[in-house]
Amino acid sequence: MKEDKPSYEDLLVEINFQEQKMNKAKRLYLFISRINQIIVRTKERNQLFKEVCNTAVEIGGFKMAWIGMIDLDTQDVIPVGVGGLDQEYLVNIKKISAKIDKEGGRGPAGIAIRKGVHQVCNAIADDPSMNLWREEALKKGFQSLIAIPIKMYEKVVGVFMIYAAEKNYFDDEEISLLNNAASDVTFALEFFEEEIMRKQAEEAVFQSEKRFHTLTEVSPVGIFRTDLTGATTYVNQRWSQIVGISFEESMGRGWYTALHPDDRVKIDKELKKIITEKVRGSLEYRFIKPDGSIVWVIGQAIPETNTENKIIGFIGTITDITERKEAEDKFIKTSKKMEAIIQAIPDMIFELNLEGIIFNYHSPNSELLLMPPSLFIRKKINEVLPPHAAAVCFLALKEANEKGFSRGKQFFLEFPNGKFWFELSLAPMKQDEKKEKHFIVISRDVTEQNKMNQEIQKAKELAESASKSKTDFLANMSHEIRTPLNGIIGFTSLLMESNLEQSQKEYMLTINESANTLMEIVNDILDFSKIEAGKLELKIEEADLYTLTAQIISLFKYQANQKQIDLVLDIDANVPQYLFIDSLRLKQIIINLIGNAVKFTQKGQIVLDIKTILPVEDDFVHLIFSVKDTGIGIQSKNLDKIFHSFEQGDNSTSRQFGGTGLGLAISNRLLALMDSNLELESTYGVGSNFHFKIRLKKSEQQNHHLLETKSKLTMENILGAKKVLIVEDNSINMLLAKTLVKKIIPESIIIEAFDGEEAIEQYQNQRPDIILMDIQMPNKNGFEATYEIRKIEQDRTIPIIALTAGIFTEEKEQCFKSGMNDYITKPIIVSDLELVMLKWLTH
């Protein structure tokens, strides 16, 4: 009997089934391949979860996918990554748990977590484990699902949930592939965890080394490190100062040549003793400085061991005791005058022998005795003093007998009126060669001195801690406040130049003025703090006085126009254009004065007037700067008060106009650094005239036509279509920088990078004409990125301009040290950016 051949329709069904199965497998393999790409690219686990879920939907063809992690406290499964159009499903369903005693723990996810193996539900409509979630799942079109446990180091930490729109969707092959995908996610999570631990370990080592070097360089004692042979591998700055030879000269056996020849043998013996007994060594010895002078030190050393407890070298310190030695020698040489000294001593003197028997006693103050002299004469010190005090005395006697002198050892005694501390000084005394050594013991009351030393040390530590806290706070505050203000001031300034309605312009003006006011307050406080700490220094360089003052006037032009005030710049024709000055601080002073004038003037005019005054010199010019206004004026009783820190004319002024009351105080202190001071003439209700006189060095460059006076068209022709790489991790500041660059160079090509590593990559691929580099960024900061770019540069040197929210001089100096050409302080002013780009793109 012949077999029935399959019909054409049956063949088509089979072919279609096989084709669907093949397409399905292709999608899964592509899905797994894409997961591997995500793992290689992604550096953060939440981003990994999100992209894996999206890929499951977009590439794997699933209806929905999500990843949940187990909360260690509640054992609830918390979604951390979701993909698919029906994400609201997770909002509406019963909370899923890893606990079996909870309703939410009896579904596929809970079972997969507890058993540690996948759970498949190929018919959601019929599966009893889906009772709590069936209705919501069917609403969303879910017919099948698989729950795959996610593990880290063989422990289940979460679950990977995948939903399909067809029944019986998950066959053995697909389940196997999805388990592989989950294993890849597990691998990535373990890798992330190991990477975090590695970085933490590296950071700990780095910080430890950093602390070590910081402590050694500020240490008041000399610190050294040697290998097992005694060859030096490190000395700190104080060691070099004491011994008188440089770091390089001291390396290896170089230090040994500086030792006094008579002390070399005992040094060698001490090192052998430390190695043999593994104890701390202490020794007094001498160095001969290059100028021939002798320096005495007390050296201490301990063995340095490796992880196997084997000695690999020595670490030790030296303390300069030259003065102490000289004092001891001098004291010994003048022993014949002891009687006169005894009479002058205000505390206590004892005469005793080497066994500690007391023969005599001298003191004007009997209150410092534990008993009357008649009870302790001819007795040993351990019979009249407590054990701890007697032990100190015997130790001092032994030292004085061996070395000829002992001083500095202290002990305390308890009296009814409190605890008193005493310091001992001992010297041997002989009447002739045959008689034994009546030691002279001076016991000095140092109770108050000890208390004072403790208080001084405590105050010093508090002051240092407060100073460090203040510096750290100011640096962080500067960066954290100036960074968002950069976006606010920049974008509001741009918006005010666009076609806004009148009410919108007023709102924008209010926001812009408020942000600028906050910036002024931050700058005032930071400047005042630096001045108070004595850390503010002038940076004198050649400056264009005409351009500087024109920029200041343009800065306040808009505010003045809004108040219908005439803002005038009047510079005498004989005022030189180019002078040597700290342009930043001069600009700050004038801005403070004009800012106050604009604030306190409601009508009339404000004039910035610059004139030359006597005397006349060849290389220097004497100028008087004055800012005159027709404002509210100042009452005579408040004329001195307004120059004080944190004070204004009166409380009503502060309430009405705002401000910190620091501007004039800072301006006056800045002028003091320039050997000048601020003067004031004011009539209440009429106006004020703030003025100062200053002597400045002339420049040979004069009457130069300013580049910025050229037309905008000329500027665009000079710059052309330039490639500009902007490196900024803050998205708002990135947008602002792009907008400002396009405003300055409309034809420019903008390249973006969001951290230092990406900046280096973009530099190598795109070869831009100029780089605007943010400083504080994740992964690799602006200093590090600049340093690496400079290393890989060959024939060309690209201009790199720092975009910094910091204002401390140290940060600006570090910009140049790292290889940057210039810097712009945030918030970015478009005119400043324009001048800097013009300067370096036409350099």
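This is a short dialogue about reading strands and helices in a predicted model.

Student: Let's start with sheets. How do strands in a sheet hold on to each other?

Tutor: Strands of a sheet pair through backbone hydrogen bonds, and the pairing is either parallel or antiparallel. In this predicted model, look for an open sheet of five strands. Its order is β2-β1-β5-β4-β3, and the pairing is antiparallel.

Student: Which strands stand at the edges of that sheet?

Tutor: Those are β2 (77-84) and β3 (119-121). Each has a single partner strand, so one side of each is left without a neighbour in the sheet. You can also look at the turn from strand to strand: on average, neighbouring strands are turned by 20 degrees against each other, direction ignored.

Student: How many bridges join β1 to β2?

Tutor: Seven bridges link strand β1 (residues 64-70) with β2, and the two run antiparallel. To see one position in this sheet, find Met64, which stands opposite Gly84 in β2.

Student: Which helix lies across β1, β2 and β5?

Tutor: That is helix α2 (residues 45-58), running at about 45 degrees to β2. In this model, β5 covers 155-164.

Student: What should I look for around strand β6?

Tutor: Follow its two pairings. Strand β6 (residues 222-227) is joined to strand β10 (residues 311-320) by six bridges, and they run antiparallel. Here Arg225 has Ile315 in β10 as its bridge partner. β6 also pairs with strand β7 (residues 232-235), in the antiparallel sense, over three bridges. For that pairing, find Phe224, whose bridge partner in β7 is Val235.

Student: How many residues lie between β6 and β7 in their hairpin?

Tutor: Four residues lie between them, and Gly230 in the turn has a positive phi of about 95 degrees.

Student: Now the helices. How do I describe two that pack together?

Tutor: Two packed helices are described by the angle between their axes and the distance between the axes. Try helix α24 (residues 756-766) and helix α25 (residues 782-792): their axes come within 9 Å and cross at roughly 25 degrees. That angle makes α24 roughly parallel to α25, because angles under 35 degrees count as roughly parallel. The crossing of α24 past α25 is right-handed.

Student: Which residues of α24 and α25 meet?

Tutor: From α24 come Gly756, Ile760, Tyr763 and Gln764, which meet Ala785, Glu788, Ile789 and Ile792 in α25. Sorted by class, this contact has five nonpolar, two polar and one charged residues.

Definitions and conventions
Residues numbered from 1 in each chain as written. Predicted model: local features only at pLDDT ≥ 70, side-chain atom pairs only at ≥ 80, totals over all residues. Heavy atoms only, no water. Pairing = 2+ DSSP bridges. Axes fitted to C-alpha atoms, helices over the stretch in contact; angles between N-to-C directions. Contact = heavy atoms within 4.5 Å. Parallel < 35°, antiparallel > 145°, perpendicular 65-115°, else oblique. Left-handed = near helix turned anticlockwise from the far one by under 90°. Nonpolar A, V, L, I, M, F, W, Y, C, P; charged D, E, K, R; others polar.
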